[in-house]
Amino acid sequence: MTLAEAKIGSTVTVEKISGDGAYKRRIMDMGITKGTSLYIRKVAPLGDPVEITVRGYELSVRKNDAECVLVR
């Protein structure tokens, strides 16, 4: 399952980040790394962006970026 497919109110754990080097690095710089727990706070009405809580702060992630993060 990807981060974009996760249900609102659920807590998920990052398994893998896909994408090329620079793209992957940008996502990791936001604090989304393998093994990190993410809480899905909200999703905008059209599905973009996804608001998550990661490492104690709120972060809005574009749907394209959320589709590159595999979670369980």
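**Note on the predicted model**

1. In this predicted model, strand E1, which covers residues 11-17, pairs in the antiparallel sense with strand E2, residues 37-43, over 3 bridges. Within this pairing, Val12 has Leu38 of E2 as its bridge partner.

2. Strand E1 also pairs with strand E5, residues 69-71, again in the antiparallel sense and over 3 bridges. Here the bridge partner of Val14 is Val71 in E5.

3. For the wider setting, the chain holds 2 helices and 5 strands, and from the N terminus on these elements follow the order β-α-β-β-β-α-β. The radius of gyration is 11 Å, close to the 11 Å that the globule rule gives for 72 residues, so the chain is as compact as a globular protein of that length. Along its principal axes, the C-alpha trace spans about 30 × 25 × 20 Å.

4. A residue worth locating is Ile52, which lies in strand E3, residues 50-54. Ile52 counts as buried because its relative accessibility is 0%, under the 20% cut-off. Leaving aside neighbours within four places in sequence, the residues in contact with Ile52 include Leu3, Ile32, Leu38, Tyr57 and Val61; among these, Leu38 is also the E2 bridge partner of Val12.

5. Considering the chain as a whole, 38% of its 72 residues count as buried, while about 4300 Å² is exposed, with carbon and sulfur atoms supplying 51% of that area. Of the contacts with a separation of 6 or more, 55% come from residues 24 or more positions apart.

6. As to charge, the chain carries 12 positive and 9 negative charges, and the mean positions of the two sets are 4 Å apart.

Key: Residues numbered from 1 in each chain as written. Predicted model: local features only at pLDDT ≥ 70, side-chain atom pairs only at ≥ 80, totals over all residues. Heavy atoms only, no water. Helix = DSSP H or I, 4+ residues; strand = E, 2+ residues; numbered from the N terminus. Buried < 20%, exposed > 50% of the residue type's maximum accessible area, 1.4 Å probe, protein only. Contact = heavy atoms within 4.5 Å. Pairing = 2+ DSSP bridges. Rg over C-alpha atoms; globule rule 2.2 N^0.38 Å. Areas by Shrake-Rupley, 256 points an atom, 1.4 Å probe, with all protein chains shown as cover. Lys, Arg positive; Asp, Glu negative; His and termini not counted. Charge placed at Lys NZ, Arg CZ, Asp CG, Glu CD.
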